[in-house]
Each structure stands twice: as C-alpha cells, then as structure tokens.
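Got your viewer open? Load the model below and keep the selection tool handy.

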Amino acid sequence: MRQHVNPLSNNFDEVERIPSLIKIFDNSKLNLHLDIGCASGEFLFDLALINTNWNYLGIEIRERLVKTAKLKVQERDIKNLYFVFGSANNIVNDHNFKFIIKNIKSISFNFPDPWFKKRHYKRRVIQPDFINTLSNSMKKGSLIFIKTDVEDLFYYMDNTISSNFNFKKIEKKNFNYAETFNPNKVKTNREKYVIENNLDIFERIYIKI
Ligand SMILES: C[S@@+](CC[C@H](N)C(=O)[O-])C[C@H]1O[C@@H](n2cnc3c(N)ncnc32)[C@H](O)[C@@H]1O
C-alpha cells in the first residue's frame, strides 16, 4: 500500500508555472481533456497515441511520477500530451490555469484517493470550493467524469458536484462515448485492477449548463 500524499501540506502551495496552450501542444486548437490525479500517466499515454485529434493534460501530486512522465513525452516526441506537477486544488486557482480551464472540453477524476477517515475528508480532491472554481471557468457543455470503486466516496463526490447548480447529471444510457476524450473506453491502471478483482465501479457524468 502506498502512502497517500496530503494535498493540504504547504509543500504544494507553490504552483508550477504552466505555459500557454500554444507552447504546450503542437495544435492548440484540438479538443482538450484534463485528467486529475493521473499517477504515472499511462492512461493518458494510451489515449494520446490513439486519439491524435485530442490534446491531453494530466495533473498529479507525486512529483517523481510527473518527472518520469514528462521525460517519456520528450523521448517519444508526443505532441498532444502534457503533465503538470502539483495539487489540482491549488493549480485551478492559478491565473494562467483558469484560462486553460476555459478551453477544456472535459475533466476526469478516475479513482481518486478515498481518504476513508472522516477527519481526512477535506483532503479529498473534490471539494465544494474546487468545484465552484471549475464551474466559474468551464464553458457550457463541457463535461466532468467521475469514477471510483469506493461507494461512500462516490456519494460524497456526487453530492459535492450536484450541490453546484451549474452541473447537471447525464443519464448514462443516453450518452454517446464516440464523441468523447475516450471513445474506445481505455481503462486506467486502477480500473484494470478493480475489474480483475470483480469490485464494483461507481461512475457518473455531469454537464456544465
Ligand atoms: C488511486 S490513484 C488513481 C490513479 C489513476 N487515476 C488510476 O485510475 O489508475 C489517485 C491519484 O491521485 C493523485 N492525487 C491525489 N490527490 C491529488 C491532488 N490534490 N492533485 C493531484 N493529484 C492528486 C495521487 O497521487 C494518485 O496518483
């Protein structure tokens, strides 16, 4: 079991300077997806290689993973993928990043750290302030995807997002994945583990209205 990183530690108060989209991507006009808590980024590498008509951005709080992922992007000369180190909760307040969020088509939270103890709930990445900041910058029609194998965390995230009246739940049966950042339903590492171990997956999609 790895030790979870505490996102409230002041180690993460300073935010990495994020260049403009034109500097990050070869074609900054492509649809942009953000994956929050992307770990080593394998999911995003898979997506970026298959869906060359999308740009992908990953945020991860474990610095070593981000350094390795950035090196891999350089070595493989991938032009539609970029990684940012830091706590997403702080990064979203960065002036430059707010501009990036305005250009985002979708955001995914895949299997975020559960922080099981009640006194640690405030360390969970999805928080009311965080969702308000996203909702103030995201454009109408953009999407949030959440996925977890922890039922309690699912309801916590669902309540937090649904309490913001700018987000509406989308019925899964009416949803067409073909047009999204993940048309082939590529799985994250945690998702593969959860499926192999026959655990439940709780997921929901929200649209900014
Ligand atoms: C359980 S792992 C899931 C990784 C991956 N999304 C998957 O589905 O396999 C959660 C990841 O979120 C990262 N994380 C936790 N809090 C974060 C935060 N506030 N900002 C950015 N990343 C965070 C953790 O370091 C970890 O890599």
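Here is a short walk from the ligand to the core. Bear in mind that this is a predicted model.

**Stop 1: the ligand.** Select what surrounds the ligand and you should pick up 22 residues, the closest being Pro 7, Gly 37, Ala 39, Thr 188 and Arg 190. Now colour by element: strand E2 (54–60), helix H4 (88–91) and helix H8 (189–196) each give two or more residues to this shell. H8 provides the largest share, with three residues. Switch to colouring by class and the shell splits into 11 nonpolar, six polar and five charged residues.

**Stop 2: from E2 to E3.** Follow the chain out of E2, through helix H3 (residues 63–76) and into E3, and you trace a right-handed β-α-β unit. The two strands, E2 and E3, pair in the parallel sense over five bridges. To see them side by side, pick Glu 60 and look across to Phe 85 in E3, which stands opposite.

**Stop 3: the faces of E3.** Select residues 81–85: five of the five residues in strand E3 are buried. In a regular strand, side chains alternate between the two faces of the sheet. Show the side chains here: Leu 81, Phe 83 and Phe 85 point one way, while Tyr 82 and Val 84 point the other way.

**Stop 4: the core.** Which residues touch the most other members of the largest nonpolar core? Among its 46 residues, Leu 44 and Val 84 do. Centre on Leu 44 and, skipping neighbours within four places in sequence, you'll find contacts with Asp 35, Cys 38, Tyr 56, Gly 58 and Leu 81.

Terms used: Residues numbered from 1 in each chain as written. Predicted model: local features only at pLDDT ≥ 70, side-chain atom pairs only at ≥ 80, totals over all residues. Core = buried A, V, L, I, M, F, W, Y, C linked by C-beta atoms within 7 Å. Buried ≥ 20, exposed ≤ 12 C-beta atoms within 10 Å, placed from the backbone. Contact = placed C-beta atoms within 7 Å. Near = placed C-beta within 6 Å. Helix = DSSP H or I, 4+ residues; strand = E, 2+ residues; numbered from the N terminus. Nonpolar A, V, L, I, M, F, W, Y, C, P; charged D, E, K, R; others polar. Pairing = 2+ DSSP bridges. Right-handed = clockwise from strand over helix to strand, strands pointing away.
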